[in-house]
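Hello,

Here is the structure I promised to pass on to you. Please have a look at it first, and then read my notes below.

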Amino acid sequence: QVQLVESGGGLVQAGGSLRLSCSASGRTFDGYFVGWFRQAPGSERELLASIRWRRGDIYYADSVMSRFTISRDNAKPTVYLQMNSLKPEDTAVYYCAVRGVLNSEYSGWGQGTQVTVSS
């Protein structure tokens, strides 16, 4: 069971940027998709972006397309979510999780990292 740790959240003004990191205590993500999610109070958890670790296939939700960028560092191994042009509606707890390439369910949820965007 992969257990993930998110970091990099904080308070930023609208229009600003943050970079979130997702690591698995030194374990590789080989054989997995890594996804970034967020959940705002009163809302369902939303998949924002995912990357297939080995092949690099990338998916973005329409809500973050062109503002957020998912990437990976093979050496660390770590998955990043670069968030630009942040809006107050991006305020949420952000999580990463993994799923096997043959699975449909994500798992390994960490504690999340809070992102707050002030207007």
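**Charged pairs and one sheet**

R55 is exposed, with a relative accessibility of 56%. Please keep in mind as you read that this is a predicted model. R55 forms a salt bridge with D57, and their closest N and O atoms are 2.8 Å apart. D57, for its part, is partly exposed, at a relative accessible area of 31%.

How many salt bridges are there in the count? The count comes to 5, and the R55 and D57 pair is one of them.

Another joins D30 to R54, where the closest N and O atoms lie 2.5 Å apart. D30 sits in the loop between strand 3 (18-23) and strand 4 (32-39), while R54 sits in the loop between strand 5 (46-52) and strand 6 (58-60), so this pair ties together parts that are 24 residues apart in sequence. If you look for the two residues on the surface, R54 is exposed at 62% relative accessibility, whereas D30 is partly exposed, with a relative accessible area of 33%.

The next pair is R38 with E46. Is R38 buried or exposed? R38 counts as buried, because its relative accessibility is 8% and the cut-off for buried is under 20%. Its partner E46 is partly exposed, at a relative accessible area of 28%. The closest N and O atoms of this salt bridge are 3.1 Å apart. The pair also belongs to a wider group: R38, E46, R67 and D90 are linked in a network of salt bridges.

Now to the strands. An open sheet is formed by 4 strands, in the order 1-3-8-7, with antiparallel pairing. Which strands are at the edges? They are strand 1 (5-7) and strand 7 (68-73), each of which pairs on one side only. From one strand to the next, the twist averages 20°.

At one edge of the sheet you can follow the pairing in detail. Strand 1 and strand 3 run antiparallel and are joined by 3 bridges. Within this pairing, V5 stands opposite S23 in strand 3. Strand 3 also leads back to the salt bridges, since the loop holding D30 lies between strand 3 (18-23) and strand 4 (32-39).

If you would like a place to begin in the viewer, try the network of R38, E46, R67 and D90, and then move on to the sheet with its strand order 1-3-8-7.

Best wishes

Note on methods
Residues numbered from 1 in each chain as written. Predicted model: local features only at pLDDT ≥ 70, side-chain atom pairs only at ≥ 80, totals over all residues. Heavy atoms only, no water. Salt bridge = Lys/Arg side-chain N within 4 Å of Asp/Glu carboxyl O. Helix = DSSP H or I, 4+ residues; strand = E, 2+ residues; numbered from the N terminus. Buried < 20%, exposed > 50% of the residue type's maximum accessible area, 1.4 Å probe, protein only. Pairing = 2+ DSSP bridges. Axes fitted to C-alpha atoms, helices over the stretch in contact; angles between N-to-C directions.
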